[in-house]
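Here is a short tour for someone meeting this protein for the first time. Have a look at the picture below, and then we'll walk through a few spots together.

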Amino acid sequence: FSSSSYQPNNPEEPKMEKVFSILCVSHTDTCRGPLMKFAVERYFAKSGMSVNVQSAAMIQVTINEKYIEGGASELINDQPAVDPVIEMLSELGFGAFQHLSCSIGKLPEGCNLNAFDLIICADSKKAQVIHEKYGAPKDRIAVLNPHDDEALDGISCPHPSLERDDYDTCLMEIAYHVENILADRFQRQLA
């Protein structure tokens, strides 16, 4: 291969497709994180664009679902998604059963959040921490359902409920906001 043989407009040359890198940030990465990841991957699959999606927890450890039963929280890393999320996403053909929670510090990129084209946060508080503590550029951060009223900001976590309806509602809200964020951010690439 020599530089003289390369022709950038050669139709026989495969085009290098941009692979977008997106991070979804929630509190524990056991319910909203995998739900956001599913919504992002579904959106990109429909659009025909390539994406690498990761999800991460804001806290350094995740909470074992034992706290749902009213017992003391057991702090453990690498927890699977909660059962209603596993059930729901498995029915939709998404491997949530393979999902293990990950804190931001355990990402393969480390805490270099500049490696992501977009960081979608479950609420404005998480977005603020992502920017102030981890140095993510504000123009790469998006919030699900941002609102000035803290009680209305973001997408609420269905915990401690294990009711499937609560998770179905959460996924519908997440999918709606994710679709709007992604359409707004990547509309030029889709045109």
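## A buried serine

Let's start with S26, which has a relative accessibility of 1% and therefore counts as buried, the cut-off being under 20%. Keep in mind that what you're looking at is a predicted model.

Where does S26 sit? You'll find S26 in strand β1. The side chain of S26 comes within 3.1 Å of the backbone nitrogen of D29. A polar atom of that S26 side chain also lies 3.3 Å from the backbone nitrogen of G33. Setting aside neighbours within four places in sequence, S26 is in contact with R32, G33, M36, A56, A57, M58, A122 and K126. And here's a pair that is far apart in sequence: S26 and A127 are 101 residues apart along the chain, yet their C-alpha atoms are separated by 9.8 Å.

## The sheet

Now zoom out to the sheet that β1 belongs to. This is an open sheet of 4 strands, in the order β2-β1-β5-β6, and the pairing is parallel. Strands β2 (50–57) and β6 have a single partner strand each, so they stand at the edges with one side lacking a neighbour in the sheet. On average, neighbouring strands here are turned by 25° against each other, direction ignored.

How are the strands joined up? Between β1 and β5, which run parallel, there are 4 bridges, and V25 has C121 as its bridge partner in β5. Strand β5 (residues 118–121) is also joined to β6 by 3 bridges, again running parallel. There, I119 has I141 as its bridge partner in β6.

## Helices on the sheet, and what's inside

Two helices to look for next are α1 and α3. Helix α1 (residues 32–47) packs on the sheet and touches β1 (19–26), β2 and β5, with its direction making about 155° with that of β1. Helix α3 (residues 124–132) packs on the sheet too, touching β1, β5 and β6, and its direction makes about 165° with that of β6.

In a regular strand, side chains alternate between the two faces of the sheet. You can see this kind of pattern in β5: L118 and I120 point one way, I119 and C121 point the other way, and all are buried.

Helix α2 (residues 83–91) has buried residues as well, namely P84, V85, I86, M88 and L89. After α2 comes G93, which has a positive phi, near 85°.

## An aspartate without a salt bridge

Last stop: D153, in the loop between β6 (141–143) and α4 (164–190). Which side chain of opposite charge is nearest to D153? That's K126, 8.0 Å away, and D153 has no salt bridge even though it is buried.

D153 does have a polar atom of its side chain 2.6 Å from the backbone nitrogen of S124. Not counting residues up to four places away in sequence, D153 touches D123, S124, K125, V143, N145, P146 and H147.

Conventions. Residues numbered from 1 in each chain as written. Predicted model: local features only at pLDDT ≥ 70, side-chain atom pairs only at ≥ 80, totals over all residues. Heavy atoms only, no water. Buried < 20%, exposed > 50% of the residue type's maximum accessible area, 1.4 Å probe, protein only. Lys, Arg positive; Asp, Glu negative; His and termini not counted. Salt bridge = Lys/Arg side-chain N within 4 Å of Asp/Glu carboxyl O. Polar contact = N/O pair within 3.5 Å; in protein donor to acceptor, adjacent residues only side chain to side chain. Contact = heavy atoms within 4.5 Å. Pairing = 2+ DSSP bridges. Axes fitted to C-alpha atoms, helices over the stretch in contact; angles between N-to-C directions.
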